[in-house]
Amino acid sequence: MIVEKIGKKKLPLEGTLLHMRCCAHNLNLIVKDGLDVMKSAIVNIRESVAYWTATGKRIEKFEEMAKFKKVKITRKLILDCKTRWNSTFEMLEIALPYRAVFERAKQTDKQYEYLPTDKEWEFAADVVDKLKLFYEITTLFLGTKYVTANIYFPKICEIKMKMRQWGTSTNPIIKNMAEEMTTKFDKYWTDIQGLMGMSTLLDPRYKRHMLTACFAMLHGIEPASYECIELVDDIVARLHALLEEYEVEENEYQPCEELISSKTPAIMNVFNDIVTKQSPAAARLQGEIEKYLSDALVPYTEKFNVLDWWKVAGTRYPTLRKVARDVFSIPVTTVASESAFSTSGRILSEHRSRLTPDVLEAFDVLPRLA
């Protein structure tokens, strides 16, 4: 719709980079399909949690039994929301350490009839172990105080590799879960967007090396295979095509008067100016990409500010720097923005509906400034 109204020629690479799926929503759909397969296997744990969180007296009794069994209550039991997989993960993760307390509860409370079997506890532990990766990646993608575009591709490929491993499980439920999740994954992420491949390429810690590893993990092929090399070359070619559309304006290639020493011969200034103007743009930009890719990788650190790097070191690649600035500004999920627009709906309720516009704005803005 947007492409038709604006026109392909007015969009970068004719609009091929316009569509970007929300990673958080995709992950939610993938895991939800997997959990639907094994929902019957965790029903007793869900019912157990529901029973012992139903009233204040039961919660108090559960805590007393935990003291008797010398189990420290570090996190309170929570009942999941069936439509939110991450709440199911949290429910299982919190309940698992209290297995001995639930077993004690069965001995002391005749009305409690939902004690999970040993196999169900073992299965729940297996599910938590597998879904932990999804939970951590979802949390990472939801971050708003750091760039997320450059971490997207490696994390998605890591998920695909894990699901491939789960598909070989001897547990039929886990195997079936992996198959359902893989089907949904392939539906949304078989063709990884070139834009996110470019963002991996533009991370000075990764460049071609991480992109090669990602394609190898994603497709289950050897890093040195022709197919893998071709996929990486395609991303580099698309980056070059995008770079031509970002060509640095001519005045950015003019000699900076502040940097020219008074001792520099005037003829050299004229010479440099002529060379810059006559250098074909395509060759200049190609050289910029090759220089960036051939330069040594920045040592890997988790707390790395890629924007600061491009702000300082990126001055050596003036056009590529502009591309990096725009690519890294793209969030990989729309959850944060959707949450911002839905905040007022949570503040104004049936029991608190007479707030003035100024007070409502204060409730909305102040937590973001904290």
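**Exercise 1.** Classify Cys157 as buried or exposed, and state how many disulfides the whole structure contains.

*Solution.* Buried denotes under 20% relative accessible area, exposed over 50%, and partly exposed the range in between (1.4 Å probe, protein chains only). Cys157 has 0% relative accessibility and therefore counts as buried. This is a predicted model, in which local features need pLDDT of at least 70 and side-chain atom pairs count only at pLDDT 80 or more, while totals for chains, interfaces and linings use all residues. Residues are numbered from 1 along each chain as its sequence is written, and side-chain values use heavy atoms, leaving out hydrogens and water. A disulfide requires a pair of cysteine sulfur atoms within 2.5 Å; a search of the whole structure yields zero. For Cys157, the nearest cysteine sulfur belongs to Cys214 and lies 4.2 Å away, and Cys157 is in no disulfide.

**Exercise 2.** Determine which residues of helix 12 are buried and where they lie around the axis.

*Solution.* Helices are DSSP runs (H or I, at least four residues), numbered from the N terminus. The buried residues of helix 12 are Cys228, Val232, Ile235, Val236, Leu239, His240, Leu242 and Leu243. Their arc around the axis, taken from the directions from the helix axis to the C-beta atoms, is only 165°, so they lie on the same side of helix 12.

**Exercise 3.** Describe how helix 7 and helix 9 are oriented to each other.

*Solution.* Helix 7 (residues 118-141) packs against helix 9 (residues 172-189) at about 25°, their axes being 11 Å apart. Axes are lines fitted to C-alpha atoms over the stretch in contact, and angles run from 0 to 180 degrees between N-to-C directions. Angles under 35 degrees count as roughly parallel, over 145 as roughly antiparallel, 65 to 115 as roughly perpendicular and the rest as oblique. The two helices, 7 and 9, are therefore roughly parallel.
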